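User: Can you walk me through this one? I'd like the ligand first, then the sheet.
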Amino acid sequence: MNYQNLLVSFEQGIALLTINREKALNALNAQTINELHQFFSQDAYNLEGLIGVIVTGAGEKAFVAGADITEFRGLSASAGKDLAQRGQDVFFLIERFPKPVVAAVNGFALGGGCELAMACHLRVAGEKAKFGQPEVNLGLIPGYGGTQRLVQYIGKTKAMELLMTADIIDANDAHHLGLVNYVVPSGAEIEKARALIEKIASKAPIAIQHVIASVNAYFAENVDGFVFEVDSFGACCSTDDFQEGATAFLEKRKAEFKGK
Ligand code: CAA
């Protein structure tokens with residue numbers, strides 16, 4: 001794993017991925033998007049014993065302050081479409097990653113940064129975190145899935161307002177709106193994200209994969225999520241872990257899952 005803009009550490013089964021462009025408030029330039037692609041399409045799959053990924057930003061000020069605006073000047077319609085498509089493709093890799101991905105939001109999560117946090121399965125915000133989709137200030141709209149996922153998380157009423165006003169909200173408001181799972185004291189985001197991943201790792205890994213895929217199916221085009229759930233339920237029934245889980249319950253002992 002050789003990156004310019006990502007720092008990756010791997011400890012006790014958890015990959016901590018830090019967007020490392022602190023001077024630009026960790027803005028996502030093309031190189032960083034490529035590196036996220038590399039990590040979530042290949043490198044993460046090669047980490048033996050991986051139980052989950054934490055995504056965070058370097059420094060105390062920003063998670064990610066958006067796509068890198070310095071790369072926007074003179075962007076044509078077709079280059080703009082390509083840029084948005086590339087970002088969306090990478091964020092889908094995150095959303096569909098088969099192990100929990102938790103955003104530890106330590107500061108500004110604006111534009112593409114809010115979109116990155118929303119592509120993760122869970123979000124822990126430090127109390128100084130700020131969220132928003134300020135793209136209309138630039139004559140743009142979100143391009144990395146923000147108009148879709150913000151509606152999914154907080155509903156049309158508030159999403160429409162935030163997207164049109166470019167208002168920036170604090171961590172507590174984001175929590176009340178259902179955009180983040182937890183608000184913790186600043187500096188404790190990674191610890192909380194780690195605790196969530198460890199809790200999930202005590203469950204049956206294949207069942208967790210099916211939860212992720214089935215919840216995503218609710219939002220997928222031309223997919224009946226209920227049918228998808230039936231198939232996933234059936235697939236879980238064919239696992240050793242299901243036999244172990246049900247047997248352990250009946251024997252009144254803790255299940256020992258093997259991910260098989
Ligand atoms: N792209 C490139 N550089 C950025 C950046 C971004 N998104 N956000 C901040 N920076 C840079 C600034 O240009 C500045 O660089 P210099 O020191 O070289 O001047 C440095 O980071 C520090 O930023 P500020 O001086 O602006 O810090 P501040 O405390 O005054 O303000 C802020 C912080 C409110 C986050 C402000 O930086 C800001 O508004 N940033 C832009 C936020 C934004 O509009 N994001 C959306 C981008 S578009 C997008 O993401 C589209 C999409 O969906 C794909």
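Analyst: One definition to start: a polar contact is a pair of N or O atoms within 3.5 Å. Also, this is a predicted model.

User: Fine. Which backbone N or O atom lies 2.9 Å from a nitrogen atom of the ligand?
Analyst: That atom belongs to Ile69. Two other backbone N or O atoms lie by ligand oxygens: one of Lys23 at 3.4 Å, and one of Gly143 at 3.1 Å.

User: How much of the ligand does the protein bury?
Analyst: The protein buries 62% of the 980 Å² that the ligand exposes when taken alone.

User: And which elements give two or more residues to the shell?
Analyst: Strand 6 (108-110) and helix 3 (112-119).

User: Which residues come nearest to the ligand?
Analyst: Lys61, Ala67, Gly112, Glu115 and Glu135, out of 22 around the ligand. By class, the shell has 13 nonpolar, four polar and five charged residues.

User: Now the sheet. What is the strand order?
Analyst: The order is 1-2-3-5-7-10. The sheet is open, with six strands and mixed pairing.

User: Why is one side of strand 1 and of strand 10 left without a neighbour?
Analyst: Strand 1 (6-11) and strand 10 (182-184) stand at the edges, and each has a single partner strand, so one side of each has no neighbour in the sheet.

User: What's the average turn between neighbouring strands?
Analyst: 20°, direction ignored.

User: How many bridges join strand 3 to strand 5?
Analyst: Three. Strand 3 (residues 52-57) and strand 5 (residues 101-105) run parallel. Within that pair, Ile54 stands opposite Val102 of strand 5.

Terms used:
Residues are numbered from 1 along each chain as its sequence is written. This is a predicted model: local features need pLDDT of at least 70, side-chain atom pairs count only at pLDDT 80 or more; totals for chains, interfaces and linings use all residues. Side-chain values use heavy atoms; hydrogens and water are left out. A residue is near a molecule or strand if one of its heavy atoms lies within 4 Å of it. A polar contact is a pair of N or O atoms within 3.5 Å; within protein, one must be able to donate a hydrogen and the other to accept it, and residues adjacent in sequence count only if both atoms are side-chain atoms. Accessible areas come from the Shrake-Rupley method with a 1.4 Å probe; for residues, only the protein chains shown count as cover. Helices (H or I, at least four residues) and strands (E, at least two) are DSSP runs, numbered from the N terminus. Ala, Val, Leu, Ile, Met, Phe, Trp, Tyr, Cys and Pro count as nonpolar, Asp, Glu, Lys and Arg as charged, and the others, Gly among them, as polar. Two strands pair if DSSP finds at least two bridges between them. Axes are lines fitted to C-alpha atoms, for helices over the stretch in contact, and angles run from 0 to 180 degrees between N-to-C directions.
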